[in-house]
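Me: I'd like a close look at the inside of this structure, with the enclosed space as the centrepiece. Please take me through what lines it, and then work outwards from there.

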Amino acid sequence: MDKLIIRGGTPLSGKLTVSGAKNSVLPILAGALLAEGPVRIHNVPRLRDVATMIALLRNLGADVAGEDTTVEVTQSSVSRFRAPYDLVKTMRASFLLMGPLLARFGRAEVSLPGGCAIGPRPVDQHLKGFEALGAEVELQGGYVRARAAHGLRGCRIALDVPTVGGTENLLMAATLARGTTRIENAAREPEIVDLAECLLAMGARIHGHGTATIEIEGVPALRGSEHRVMPDRVEAGTYLIAAAATRGSIRLLNGQPSSLGVVLQKLEDAGAAIEAMPGGIALDMAGERPRAVDIATAPYPGFPTDMQAQFLAMNTVARGTSRVVETIFENRFMHLNELSRLGADVRLEGLRTAVVRGVTRLRGAPVMATDLRASFGLVVGALVARGDTVIDRIYHIDRGYEGIERKLRALGADVRRVSEGQPTS
Ligand code: EPZ
């Protein structure tokens, strides 16, 4: 397993272009199955999760051709409708194949994604919505089998929680249903807007994407199209937080301020000077230590759960004490123990709240990554720690951050990747 070795203490500075959004390209790749012609997707990030989704599409029989950051999906040879456990267990987003398969082919068999490190991750809202659309859904041997022999029919779906994946799965399924579907309490994340824009280019009829109520007027078929994936707002926010933690100054050349509203506000509360322009975002700490800032995660447009670990890591070296509340997932504080190994003063209050007392310096130590975003929380800790930090199991990072050592080195960090068995000193 690869490791990252980071020698901390250097403020990040310089310019960075973030990659295409992981949490947008994954539903878009699944949604390509809905069209009756090639779908060309641009600005595709090179990530493990993208490779997994492409493997799943090929496993169904789809033709997926890629050159550089463009991927073209052709559905004409799809002949299987089953997403196997051995692939689904490595990436929960595989479940996003359910809606497109059901809508386009009338059948789908997808392994239950099961939980993951951050929580049980149920899909009950997805299944409730598919049944409301007229599908027969049954659970068998750890698989969800769904049938819609006579197609799906539009309906009203009121989600109990604004689930991102649930909204995406049902949005995709509804595009080919007979009649109109209204999804209430829908998730409002920018990635859902990006998916909807791609579906609209295929000829779908969608209104209200990005709000809590989405209306989809079903059409008989969708056509091949092209789409450029939005820049990754989680990657953008992650690097801004890392720059703030290291008292640095960076400029994101393609960051979208509108997709990072509350995060930029919290960084300003921490003492950062933020310059938000249509072409990007600049952050400058003027060499100052960040101030401690309380955060509570919430569905968009609240503070993103996917940036909680990174922001908490910044708070570990901030001036003052802060409280970090995780309201979305049951177990998204696994970075706390590892950050404590670097000398952070953090403790859990119940299951949902971490109390962080800022210290002036962390000290490098061996740590272990546990899940994608927690791993970058450890990277932030390592960047501000005195001495070397060795981060093990960084395959978690490679799932969602393209070229992490290249990008960090471009910002002045002392970081290198070593493979299993190579010396780390
Ligand atoms: C998406 O996961 C993202 N993944 C996650 O990012 C992100 O953390 C999450 O949304 C929340 O923003 C992708 O987009 C590929 P949810 P998803 O369904 O769709 C509960 C990352 O690091 N829920 O919005 O699985 C669920 O238990 C990943 O990039 C139900 O109760 O998240 C959770 O508490 C991690 N029933 C809450 O909703 C359901 O049927 C949010 O889950 C579905 C969800």
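Reply: A word on classes before we start: Ala, Val, Leu, Ile, Met, Phe, Trp, Tyr, Cys and Pro count as nonpolar, Asp, Glu, Lys and Arg as charged, and the others, Gly among them, as polar. Please also keep in mind that this is a predicted model.

Let's begin with the enclosed space itself. The count comes to one cavity of 30 Å³ or more, and about 40 Å³ of space lies in the largest cavity. Its lining is made up of T305, D306, Q308, A309, Q310, R332, H335, D371, R373 and A374. Sorted by class, that lining holds two nonpolar, four polar and four charged residues. Two elements, α10 and α12, each give two or more residues to the lining. The largest share comes from α10, with three residues.

That makes α10 a good place to pause. Helix α10 spans residues 308-315, and eight of its eight residues are buried. They are Q308, A309, Q310, F311, L312, A313, M314 and N315. Buried here means under 20% relative accessible area. Among these buried residues, Q308, A309 and Q310 also appear in the lining of the largest cavity.

Stepping back along the chain from α10, we come to a backbone feature worth a look. A loop runs between β18 (295-296) and α10, and P301 lies in it. The peptide bond that joins Y300 and P301 is cis, with omega at about 10 degrees. In general, most peptide bonds are trans.

Now let's bring in the ligand, since two lining residues also turn up beside it. D306, part of the cavity lining, is among the closest of the 21 residues that surround the ligand, together with Q125, T163, G165 and I328. R373, also in the lining, has a polar side-chain atom 2.8 Å from an oxygen atom of the ligand. The protein covers 85% of the 830 Å² of accessible area that the ligand has on its own.

The backbone takes part in the contacts as well. A polar backbone atom of Q125 lies 2.7 Å from an oxygen atom of the ligand. For G165, too, a polar backbone atom is 2.7 Å from a ligand oxygen.

Which elements supply at least two residues each to the shell around the ligand? They are α1 (22-31), α5 (124-132), α6 (164-174) and α12 (372-384). Of the elements, α5 gives the most, with three residues. Helix α12 therefore deserves a second mention: it supplies the ligand shell and also gives two or more residues to the cavity lining. By class, the ligand shell has eight nonpolar, six polar and seven charged residues.

From here we can move on to other parts of the chain, starting with two loop residues that have unusual backbone angles. Most residues other than glycine have a negative phi. N185, however, has a positive phi of about 60 degrees. N185 sits in the loop between β11 (180-184) and α7 (190-201), and it counts as partly exposed because its relative accessibility is 31%. R393 also has a positive phi, near 60 degrees, and is not a glycine. Its loop is the one between β25 (388-392) and α13 (395-398). With a relative accessible area of 32%, R393 is partly exposed.

Three more spots round out the tour. T70 belongs to strand β5 (residues 70-74), and its relative accessibility of 11% is why T70 counts as buried. The side chain of T70 makes a polar contact of 2.9 Å with the side chain of H42.

A413, in the loop between α14 (404-410) and β26 (414-418), is buried because its relative accessible area is 11%. The C-alpha atoms of A413 and R7 are separated by 7.7 Å, although the two residues are 406 residues apart along the chain.

Finally, E268 is found in helix α9 (residues 261-269), and at 34% relative accessibility E268 is partly exposed. E268 and G412 are 144 residues apart in sequence, with 23 Å between their C-alpha atoms.

Conventions: Residues numbered from 1 in each chain as written. Predicted model: local features only at pLDDT ≥ 70, side-chain atom pairs only at ≥ 80, totals over all residues. Heavy atoms only, no water. Near = heavy atom within 4 Å. Polar contact = N/O pair within 3.5 Å; in protein donor to acceptor, adjacent residues only side chain to side chain. Areas by Shrake-Rupley, 256 points an atom, 1.4 Å probe, with all protein chains shown as cover. Helix = DSSP H or I, 4+ residues; strand = E, 2+ residues; numbered from the N terminus. Buried < 20%, exposed > 50% of the residue type's maximum accessible area, 1.4 Å probe, protein only. 1 Å grid on protein atoms, 1.4 Å probe; cavity = no way out; pocket = protein on both sides within 12 Å on 5 of 7 lines; lining within 4 Å. Points joined across faces, edges and corners; volume = space filled by probe spheres on them.
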